[in-house]
Amino acid sequence: MGLIGEVLMLPFAPVRGSLWAMEQVVNEAERQYYDPAAVRAELGSLEERLEAGEIDEAEFDRMEDELLDRLEIAMTRSTGTGNHGTTR
């Protein structure tokens, strides 16, 4: 964008800055959500809850499936293949 375009867009700078900040927050949240170490820790915690009787087998299976899906997405992202979080 040229100098004139930059000057004309100047009033929108706070909006552009806010959008950039929101993108950074979303990117960090996704990075943490799909972190393989965090997902594995959650799987371990889930198994402990099952063994302690806090949840039943059906709930365990449902939650385990969700975590394994997240782990699969995380592994796909780390290899640089796939469609980054879209459904299968």
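Met63 is partly exposed, with a relative accessible area of 21%, in a model that is predicted rather than determined by experiment. This value lies in the intermediate class because burial requires a relative accessible area under 20%. Met63 belongs to helix 4. Its C-alpha atom is separated by 7.9 Å from that of Leu46, although the two residues stand 17 positions apart along the chain. Leu46 and Met63 thus offer a starting point from which the remainder of the fold can be followed.

The protein contains 4 helices and 0 strands, and its elements, read along the sequence, give the pattern α-α-α-α. Helix 2 comprises residues 13-33, while helix 3 covers 36-51 and helix 4 covers 57-79. Of the 88 residues of the protein, 12% count as buried.

A second pair of positions distant in sequence involves helix 2, in which Glu30 is placed. The C-alpha atoms of Glu30 and Ala74 are separated by 9.8 Å, with their positions 44 residues apart along the chain. Glu30 has a relative accessible area of 33% and is therefore partly exposed, since that class runs from the limit for burial, 20%, to the limit for exposure, 50%.

Helix 2 also carries a salt bridge, formed by Arg31 and Glu28, whose closest N and O atoms are 2.6 Å apart. The two residues are 3 positions apart in helix 2, so about one helical turn separates them. Both partners are partly exposed: Arg31 has a relative accessible area of 49%, and Glu28 has one of 34%.

At the end of helix 2 the model contains its aromatic pair, the count of such pairs being 1. The ring centres of Tyr33 and Tyr34 lie 4.9 Å apart and the ring planes meet at 85 degrees, so the arrangement is edge-to-face. The assignment follows because planes over 60 degrees apart are classed in this way. The two tyrosines fall into separate accessibility classes: Tyr33 is partly exposed at 43% relative accessibility, whereas Tyr34 is buried at 16%.

Salt bridges occur elsewhere as well, and a search of the whole structure finds 6 of them. One of these joins Glu54 to Arg49, with the closest N and O atoms 3.5 Å apart. This pair qualifies because the limit for a salt bridge is 4 Å. Glu54 is exposed, at 55% relative accessibility, and Arg49 is partly exposed, with a relative accessible area of 29%.

In helix 4, Arg62 forms a salt bridge with Glu59, and their closest N and O atoms are 2.7 Å apart. Arg62 and Glu59 are 3 residues apart in helix 4, about one turn of the helix. Arg62 is partly exposed, with a relative accessible area of 41%, and Glu59 is likewise partly exposed, at 28% relative accessibility. The interaction extends to a further residue, as Glu59, Arg62 and Glu66 are linked in a network of salt bridges.

Other charged residues form a surface patch. Asp56, Glu57, Asp61 and Asp65 together make up a negative patch on the surface. Asp56 is located in the loop between helix 3 and helix 4, and its relative accessible area of 49% makes it partly exposed. Asp56 can be included in the patch because membership requires over 30% relative accessible area.

A patch of another character is formed by Phe12, Val15, Leu19 and Met22, which are nonpolar and together have about 390 Å² of accessible area on the surface. Of these residues, Met22 is found in helix 2. That helix therefore includes a member of the nonpolar patch, Met22, within its range of residues 13-33, as well as the salt bridge of Arg31 with Glu28.

How values were computed
Residues numbered from 1 in each chain as written. Predicted model: local features only at pLDDT ≥ 70, side-chain atom pairs only at ≥ 80, totals over all residues. Heavy atoms only, no water. Patch = residues over 30% accessible without salt bridge, like charges linked within 9 Å, V, L, I, M, F, W, Y side chains within 5 Å. Areas by Shrake-Rupley, 256 points an atom, 1.4 Å probe, with all protein chains shown as cover. Salt bridge = Lys/Arg side-chain N within 4 Å of Asp/Glu carboxyl O. Lys, Arg positive; Asp, Glu negative; His and termini not counted. Charge placed at Lys NZ, Arg CZ, Asp CG, Glu CD. Buried < 20%, exposed > 50% of the residue type's maximum accessible area, 1.4 Å probe, protein only. Phe/Tyr/Trp six-rings, centres within 6.5 Å; stacked < 30°, edge-to-face > 60°.
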